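Reader: I would like to go through the labels given to individual residues and ask, for each, what value stands behind the label. Could you take me through the reasoning step by step?

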Amino acid sequence: MTNIIQRPRRLRSSFVLRDAIAETWLRPTDFIAPFFVVAGENITQPIQALPNINRFSVDMWLGQLERALNLGVKTALIFGVLEAHEKDAMATSATNPNSLMPTAIRAARAAFGQDITLISDVCLCTHTDHGHCGLLQQTARGTIIDNDSSLTQLAAMALTHAQAGVDLVAPSDMMDGRIGFIRQALDSHGFAEVGILSYAVKFSSAFYGPFREAAGSSPSFSDRATYQMDFRNAREALREIALDTSEGADLLMVKPALAYLDVIARVRSATVLPVVAYNVSGEYAMLKAAAAIGALDEARAVRETLTGIKRAGADLIVSYHALEALEKGWL
Ligand code: PBG
């Protein structure tokens, strides 16, 4: 064999040719925009740990949904940020139809009808005074996060959101059996058409730090390691998605995204359900911080990061970057 050099470079020789053979594309509809909603009116509150992301009162938030829709992002994930006096040990406010999240959901539905897909985060951590995602119980082994009493409250919370008009509920608590429990509660109350985006593979992660500042949801003692997954495990992710699928999940999430691209790829090949990746708050803050000191070009780094998550196998990406990136033409 003389003289034969294989030349992959031929297909890289021009911008248009590279575009023609590109395997992965980002579209506005690939994104789910996360939002933090607070009580009150006319409020836009910066979040120190998340540059360029704000908490909004419902009226201002509707303007943000309009902004997202104009950019082609048609799916919103809603987090309610409650005040201390609304929190208690039993997460009572989670099932109050007049509390913040159902109010926000009703307002968005009234304003945009079916032009938008509304997803609500279902978790007790923003409603409990102790900040855990489930309810506490004192046992002979000490204070534990009790699985089965939490299921009742989570299912009631999901039902409250369904009654307010949400399209999908997204349980992020990591209690065992919650998908089946929520499915059953929705079905038996006439909400068979409301779907479940399961945070099926949610790791106990340092990268949720800024979110906990944004949502005021840090646990007041201990951590979330008894319910969220250990980041050393990938086979266990397949167990979690098998369970959630059998219990009735419609979409499966892997979270965080960047330290878990292998898990996204494995989940992608193990399921036929749509896979969602959550590019979490710490991942966003990290890139923002690097850009702020001039260590990298933010536009290119954001595009490369989001493309990498999609290439790994995510159908949809929850990302704090999405709106800014689309607005500024980074993608
Ligand atoms: C609630 C919840 C968390 C996130 C989404 N839902 C925080 C946590 O589990 O502590 C994190 C999102 C992010 O970091 O962007 N359980």
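**Labels and the values behind them**

Author: R9 counts as exposed because its relative accessibility is 68%, and the cut-off for that label is over 50%. The model is a predicted one, and R9 lies in the segment before helix 1 (15-21).

Reader: What makes R7, R9, R10 and R12 a patch of positive charge on the surface?

Author: Arg counts as positive, and like charges are joined into a patch within 9 Å, provided that the residues have over 30% relative accessible area and no salt bridge. R7, R9, R10 and R12 gather in such a patch, and for R9 the value of 68% relative accessibility is on record here as exposed.

Reader: Why is I47 called buried or exposed, whichever applies?

Author: I47 has 3% relative accessibility and therefore counts as buried, since buried means under 20%. I47 is found in strand 2 (residues 44-47), and, leaving aside neighbours within four places in sequence, I47 is in contact with F36, I53, N54, R55, E213 and A214. I47 and R12 are 35 residues apart in sequence, and their C-alpha atoms are 42 Å apart in space.

Reader: How do you know that D30 and K310 form a salt bridge?

Author: The rule asks for a side-chain nitrogen of Lys or Arg within 4 Å of a carboxyl oxygen of Asp or Glu, and the side chains of D30 and K310 meet at 2.9 Å, N to O. The pair links distant parts of the chain, with D30 in the loop between helix 1 and strand 1 (31-38) and K310 in helix 10 (residues 298-312), 280 residues apart. Both D30 and K310 are buried.

Reader: What makes E327 and R67 a salt bridge, and which parts do they tie together?

Author: The closest N and O atoms of E327 and R67 are 2.7 Å apart, and the cut-off is 4 Å. E327 lies in helix 11 (residues 322-327) and R67 in helix 2 (residues 58-71), so the pair ties together parts that are 260 residues apart in sequence. E327 counts as partly exposed because its relative accessibility is 45%, and R67 likewise counts as partly exposed because its value is 27%; partly exposed is the label between under 20% and over 50%.

Reader: How many salt bridges does this rule give, and which residues are linked in a network?

Author: The count comes to 12 salt bridges, and K288, E298, E324 and K328 are linked in a network. Within that network, the side chains of K328 and E324 meet in a salt bridge at 2.5 Å, N to O. E324 has a relative accessible area of 6%, and is therefore buried.

Reader: How do you know that E240 has no salt bridge?

Author: The nearest side chain of opposite charge to E240 is R178, at 5.3 Å, whereas a salt bridge requires nitrogen and oxygen within 4 Å. E240 is buried and lies in helix 7 (residues 235-247), where, not counting residues up to four places away in sequence, E240 touches M174, A200, V201 and M229.

Reader: What does N147 touch, not counting residues up to four places away in sequence?

Author: N147, in helix 4 (residues 147-164), touches M175 and D176. N147 and D176 are 29 residues apart in sequence and 6.7 Å apart in space, C-alpha to C-alpha, while contact is judged on heavy atoms within 4.5 Å.

Technical notes
Residues are numbered from 1 along each chain as its sequence is written. This is a predicted model: local features need pLDDT of at least 70, side-chain atom pairs count only at pLDDT 80 or more; totals for chains, interfaces and linings use all residues. Side-chain values use heavy atoms; hydrogens and water are left out. Patches are made of residues with over 30% relative accessible area and no salt bridge: like charges are joined within 9 Å, nonpolar side chains (Val, Leu, Ile, Met, Phe, Trp, Tyr) within 5 Å. Accessible areas come from the Shrake-Rupley method with a 1.4 Å probe; for residues, only the protein chains shown count as cover. The place of a charge is taken as NZ of Lys, CZ of Arg, CG of Asp or CD of Glu. Helices (H or I, at least four residues) and strands (E, at least two) are DSSP runs, numbered from the N terminus. Buried means under 20% relative accessible area, exposed over 50%, partly exposed in between (1.4 Å probe, protein chains only).
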